[in-house]
Amino acid sequence: MFDFDATLPFMAVQFLLLSALLNAFFYKPMTLALDDRDYYFR
């Protein structure tokens, strides 16, 4: 019914890599900016 060949592990690695890159380059800087802004308003 399902054909689990090399595509499934490749997609899993790709998803984990994208998650790590988004965390490093987008979510952490955005969180720091929001924390700085929150500190400024307090």
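I looked for salt bridges first and found that this predicted model holds one. The pair is Arg42 with Asp38, and I noted 3.1 Å between the closest N and O atoms. Side chains of opposite charge can pair when their charged atoms come close. I then looked up how open each partner is: Arg42 has a relative accessible area of 77% and is therefore exposed, whereas Asp38, at 36% relative accessibility, counts as partly exposed.

I turned next to the fold of the chain, for which I recorded one helix and zero strands. Helix H1 runs over residues 7-41, and Leu34 has its place in it. Along its principal axes the C-alpha trace spans about 60 × 20 × 5 Å. When I checked for burial, I found that buried residues make up 0% of the 42 residues in the chain.

For the surface, I noted an accessible area of about 4400 Å² for the chain, with 71% of this belonging to carbon and sulfur atoms. I also looked up a nonpolar surface patch of about 550 Å², to which Leu18, Leu22, Phe26, Tyr27, Met30 and Leu34 contribute. Leu34 counts as partly exposed because its relative accessibility is 45%, which falls between the limits of 20% and 50%.

Finally I consulted the UniProt record, an unreviewed entry, where the annotation "transmembrane region" covers residues 6-27. In the model I found residues 6-27 to be 95% helix and 0% strand, with the end C-alpha atoms of the span 30 Å apart.

Key: Residues numbered from 1 in each chain as written. Predicted model: local features only at pLDDT ≥ 70, side-chain atom pairs only at ≥ 80, totals over all residues. Heavy atoms only, no water. Patch = residues over 30% accessible without salt bridge, like charges linked within 9 Å, V, L, I, M, F, W, Y side chains within 5 Å. Areas by Shrake-Rupley, 256 points an atom, 1.4 Å probe, with all protein chains shown as cover. Salt bridge = Lys/Arg side-chain N within 4 Å of Asp/Glu carboxyl O. Helix = DSSP H or I, 4+ residues; strand = E, 2+ residues; numbered from the N terminus. Buried < 20%, exposed > 50% of the residue type's maximum accessible area, 1.4 Å probe, protein only. UniProt positions renumbered as here; feature names shortened; annotations may be inferred.
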